[in-house]
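The following exercises concern enclosed space and strand pairing in a single chain. Please inspect the sequence and the model before reading the solutions.

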Amino acid sequence: MNYSRFLTAVSAARKPSPIRILTELQQRSPPTLISLAGGAPNPNTFPFHSATIKVKNGASIVFDETTMKRALQYSGSYGIPELVSWMKELQRNLHSPPTASYCMEGGEMEMCVTTGSQEGLCKIFEMLVNPGDSVLLDAPTYSGTLAALQPLGCNIINVPSDQYGMIPSGLREILSRWDPADAKKPVSTVPRVLYTIPNGGNPTGASMTTERKREVYQLAREYDLLIIEDDPYYFLQFQKPWAPTFLSMDMDGRIIRTDSFSKILSSGCVTMGY
């Protein structure tokens, strides 16, 4: 996948912050190194020594002094490496994305941690959506998504849905306004982004069937769309086996997936983007 054509001018112009690079270098340095470059405080001055959290099943989670120092110190932009690695492995185990083989070899897979779903969505949309761009959405969709998109000055195109989620024939009818061959042209008006909540959609509660996901994914390949798979309710599915995700079908790295801990641990937990 060539992602450069999907990025906004602002996003394409961004460069890594030198301070964040220093922070990541510091994380990999031995604890004996005293660095004044990144402005990191001396962890020995942190007021919290340790913490114990007791969960409802009776078990206790202990954060010792070393862990507390790590948790309270500045970390890299992507999040604490051990946490990010654990979440990557969780995604691979849950979804077995076809792209995982080359992702594990340093290819396309990236993941970051945000403070919540709204922050994650805002960052994704600001990265991908220019003023005047057309964005494809479930109709109706999450009000927070609309709140994140509307200030960007984009054209929102509602794709019809029913109790089984987004209707592929409706999506195809909308996309038929454009020639797929025009999708990669620099001045093309073909939509580049499709957003959907595939499981327990908010506000409808609809869940997309596996067959519909396959049809929508094929249309995304035909028109070279990125799919934002916003799936905070994935772990709340009642039927087993759980429905295959778009990520599990992703042959070429066009899925941007967001998950949330807030629906299964507590409100305000971190969100992971894949």
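**Exercise 1: Enclosed space**

Determine how many cavities of 30 Å³ or more the whole structure contains, and describe the lining of the largest cavity.

Solution. A search of the whole structure returns 1 cavity of 30 Å³ or more. A cavity is a set of points on a 1 Å grid over the protein atoms alone where a 1.4 Å probe fits but cannot get out; lining residues have an atom within 4 Å of a point. The largest cavity holds about 90 Å³ of space. Its lining comprises 13 residues, of which Asp138, Pro140, Ile197, Gly201 and Thr204 are the closest to its centre. By class, the lining has 5 nonpolar, 6 polar and 2 charged residues, with Gly counted as polar.

The model is predicted: local features need pLDDT of at least 70, side-chain atom pairs count only at pLDDT 80 or more, and totals for chains, interfaces and linings use all residues. Residues are numbered from 1 along each chain as its sequence is written, and side-chain values use heavy atoms, without hydrogens and water.

**Exercise 2: Strand 4 and its partners**

Identify the strands that pair with strand 4 and the residues that stand opposite Leu136.

Solution. Strand 4 spans residues 134-139, and 5 of its 6 residues are buried (under 20% relative accessible area, 1.4 Å probe, protein chains only). Strands pair if DSSP finds at least two bridges between them. Strand 5 (residues 155-162) runs parallel to strand 4 and is joined to it by 6 bridges; here Leu136 faces Ile157. Between these two strands the chain passes through helix 7 (residues 143-149) in a right-handed β-α-β crossover (clockwise from the first strand over the helix to the second, with the strands pointing away from the viewer). Strand 7 (residues 193-196) is also parallel to strand 4, with 3 bridges, and Leu194 stands opposite Leu136.

Note on methods: Buried < 20%, exposed > 50% of the residue type's maximum accessible area, 1.4 Å probe, protein only. Helix = DSSP H or I, 4+ residues; strand = E, 2+ residues; numbered from the N terminus. 1 Å grid on protein atoms, 1.4 Å probe; cavity = no way out; pocket = protein on both sides within 12 Å on 5 of 7 lines; lining within 4 Å. Points joined across faces, edges and corners; volume = space filled by probe spheres on them.
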